Amino acid sequence: MQASGQCACGAVRLEIDVPARWAWHDHSDASRRAQGAAYVTYVGSYRSRFRMLEGEGAITRFEDAEAGITRSFCARCGTPLLYERARSPTMVNIPRAIFTERTGREPRYHMNLAEQADWTYLGEPLAPLKGYPGVMWERPRKKPRPDAMF
């Protein structure tokens, strides 16, 4: 079985054999900036179980030699595609969001929690915002009334 994924414009298509090796949430500053999100969920696959199906020529790369990482993106639409680490040459990491099928692994690990953004949604209760269908919001916490202090 395989799980396939693609960039937003469809120029790049890839697949991995299922199940993936592992999946995790990365809260690092570098991944947050690269993906433009509070955290990134990655799926790790052995290179031998990963295939580029289409659009290899449409991929551009950013190499951070000091950190030993390479990030690949679709040159046409900018979708993040691959995250590779020099210390793990047999693995390739792919954002979970680009897959259309299940990858056979649930993300159960959290990496770099010390770098977690202070504005990340952590599951606080939400309520519908009146007049805006489909919009939920965090209600402000009620402050205790001054006369109810003691």
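How many cavities of 30 Å³ or more does the count come to? Just 1. Bear in mind as you click around that this is a predicted model.

**Stop one: the cavity.** Its volume is about 40 Å³. To see what surrounds it, select Ala 34, Gln 35, Tyr 42, Arg 71, Ser 72, Phe 73, Pro 80, Leu 81, Leu 82, Tyr 83 and Pro 95, which line the cavity. Try colouring that selection by residue class: you'll get 8 nonpolar, 2 polar and 1 charged.

Now switch to cartoon view and pick out helix 1 (29–35), strand 7 (69–74) and strand 8 (80–85), each of which supplies at least two residues of the lining. Which of the elements gives the most to the lining? That's strand 8, with 4 residues.

**Stop two: His 27.** Head for the loop between strand 3 (22–26) and helix 1, where His 27 is found. His 27 has 3% relative accessibility, so it counts as buried, the cut-off being under 20%. Show its neighbours next: leaving aside residues up to four places away in sequence, His 27 touches Arg 32, Tyr 39, His 110, Met 111, Asn 112, Leu 113, Glu 115 and Gln 116.

**Stop three: Gly 134.** Jump to the loop between strand 11 (127–128) and strand 12 (136–137), where Gly 134 lies. Is Gly 134 buried or exposed? With a relative accessible area of 78%, Gly 134 is exposed, because the bar for that is over 50%. To finish, draw a distance line from the C-alpha of Gly 134 to the C-alpha of Phe 99: the two residues are 35 residues apart along the chain, and these atoms are separated by 25 Å.

Technical notes:
Residues numbered from 1 in each chain as written. Predicted model: local features only at pLDDT ≥ 70, side-chain atom pairs only at ≥ 80, totals over all residues. Heavy atoms only, no water. 1 Å grid on protein atoms, 1.4 Å probe; cavity = no way out; pocket = protein on both sides within 12 Å on 5 of 7 lines; lining within 4 Å. Points joined across faces, edges and corners; volume = space filled by probe spheres on them. Nonpolar A, V, L, I, M, F, W, Y, C, P; charged D, E, K, R; others polar. Buried < 20%, exposed > 50% of the residue type's maximum accessible area, 1.4 Å probe, protein only. Contact = heavy atoms within 4.5 Å.
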